[in-house]
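Reader: I should be grateful for a close look at a single aspect of this model, namely the packing of helices against one another. Please set out the geometry and the residues concerned.

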Amino acid sequence: MKKRVAVVFGSRSVEHEVSIITAVQAMNTLDSERFEVIPVYVAKSGVWYTGDALKTMDSFRNLANVSKIAHHVIIQPFDGRSTLAVQERRSRFLRAQPALIPLDIDIALLCTHGTNGEDGTLQGMFELLGIPYTGAGVTGSALGMDKILQKQMYVSRGIPVVPYVWFTRKAWTDAPDKCIDDIERQLVYPVFVKPANLGSSVGITRAADRASLRTALDVASHFDRKLLVEQAIVEHREVNCAVMGNETPVASACEEVFSTHTFLDYDAKYKVGYKATPGTDGTHRKAEARKVPADLGDDLTQRIQQLACQAFTALDCRGVARVDFLIGASGDVYVNEINTIPGALAFYLWEAIGIQYRDLLTRLLDLACEAFEDRRSNIVSYDISDLLTGGLQGKSGTKHI
Ligand SMILES: Nc1ncnc2c1ncn2[C@@H]1O[C@H](COP(=O)(O)OP(=O)(O)O)[C@@H](O)[C@H]1O
Ligand SMILES: [Mg+2]
């Protein structure tokens with residue numbers, strides 16, 4: 001029996017379009033002997049769709065057309081268990097309610113990037129649905145999206161991060177001069193100002209003096225209620241390394257990313273071809289701006305691979321993630337951020353060490369099932385009588401999923 005895999009993508013995120021590329025390419029690559037693909041597309045409006053038409057890139061040339069070629073997906077309780085169901089199109093002649101047909105999903109392959117998809121919210125929904133899903137769980141995803149909480153976890157594990165200061169939007173609007181004084185006491189210009197959450201460099205600005213810092217904080221404060229200011233690493237190199245596994249993660253090859261921009265802002269990433277643009281046949285057209293493997297030498301490569309695994313573990317991640325590093329001119333290494341659902345699932349970093357994309361996807365789905373079974377073995381509810389009669393030792397609790 002083939003496993004029915006819901007490939008979930010889109011979502012209300014600034015990385016919506018990138019997610020479509022990740023998903024279409026994954027749908028075309030999945031092992032068709034073992035898996036049956038069910039596309040589940042979350043439109044920018046938040047409406048969910050399915051249908052075979054959503055397996056090809058052409059269907060997304062005009063996003064407004066999707067509602068005409070696809071079926072609504074809704075969450076519906078069936079036999080006491082919530083599940084995803086597809087709603088038949090309403091007939092023009094019948095006034096009856098359209099039928100709901102369960103999608104019977106065995107597992108979800110999450111290809112969503114950014115807010116509402118990579119931040120723990122979607123993961124939480126699949127937890128409630130009782131459907132295994134790929135990648136980090138609720139906690140790991142949420143930590144991975146919050147640049148401040150993430151740094152605090154790294155610091156607690158001795159993982160190097162650039163010096164930083166953070167405060168809330170309220171602190172900024174109530175006392176801007178005090179915030180700027182605090183920053184200037186702890187950091188030197190230039191600095192990077194970032195909203196704690198988001199991604200794709202939206203709301204991120206480099207500031208070289210007090211006036212531009214003020215503007216940068218005003219900009220960032222439109223995007224999030226927590227603001228992060230980081231020491232800029234000048235003349236840095238950017239190196240990324242992917243990690244795969246659950247309890248015992250392993251590292252991929254490292255890549256170096258080059259850019260002619262001051263920093264990789266949204267335009268550099270997505271409009272001038274920075275992002276790896278994989279062919280729909282699963283092949284990878286190398287973007288000029290990245291080199292795999294990076295020229296780092298054995299020692300630095302190993303250090304980065306080790307730190308990537310430590311960062312992955314520090315956030316309690318699962319499946320596949322990509323850890324991004326900044327390397328200073330004197331070879332000082334800092335973890336910049338983790339992407340718990342990396343663009344193209346970082347398959348090109350695994351291909352570089354001999355793991356084909358198809359096998360990576362199979363492994364990712366297997367890891368999701370292993371994690372699900374592991375969670376299912378937890379006892380989550382007890383009868384009060386068990387507790388009173390020492391049932392905790394007897395393991396006579398009721399298991400719920
Ligand atoms: N502290 C820093 N020093 C130097 N460059 C930085 C620093 N922080 C970010 N950058 C640059 O800005 C880009 C975007 O920042 P990042 O934190 O990765 O945000 P995003 O979540 O949008 O990818 C990085 O890829 C890098 O080019
Ligand atoms: Mg980044």
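Author: The answer below treats two helix pairs in turn.

This is a predicted model, in which local features need pLDDT of at least 70 and side-chain atom pairs count only at pLDDT 80 or more, while totals for chains, interfaces and linings use all residues. Residues are numbered from 1 along each chain as its sequence is written, chains are lettered from A and ligands numbered from 1 in the order in which they are written, and side-chain values use heavy atoms, without hydrogens or water.

Helices are DSSP runs of H or I with at least four residues, numbered from the N terminus. Axes are lines fitted to C-alpha atoms over the stretch in contact, with angles from 0 to 180 degrees between N-to-C directions.

Helix H7 (residues 176-186) packs against helix H8 (residues 210-220) at about 120°, the axes lying 11 Å apart. H7 is therefore oblique to H8 (angles under 35 degrees count as roughly parallel, over 145 as roughly antiparallel, 65 to 115 as roughly perpendicular and the rest as oblique). Their crossing is right-handed, the near helix being turned clockwise from the far one by less than a right angle. In contact (heavy atoms within 4.5 Å), Pro176, Asp177, Ile180, Asp181, Ile183 and Glu184 of H7 face Arg210, Leu213, Arg214 and Leu217 of H8. These comprise 5 nonpolar, no polar and 5 charged residues (Ala, Val, Leu, Ile, Met, Phe, Trp, Tyr, Cys and Pro are nonpolar; Asp, Glu, Lys and Arg charged; the others, Gly among them, polar).

For helix H1 (residues 16-29) and helix H12 (residues 357-376), the axes come within 9 Å and cross at roughly 95°, so H1 and H12 are roughly perpendicular. Thr22, Gln25, Ala26, Asn28 and Thr29 of H1 touch Tyr357, Arg358 and Leu361 of H12. This contact has 3 nonpolar, 4 polar and 1 charged residues.

Technical notes. Helices (H or I, at least four residues) and strands (E, at least two) are DSSP runs, numbered from the N terminus.
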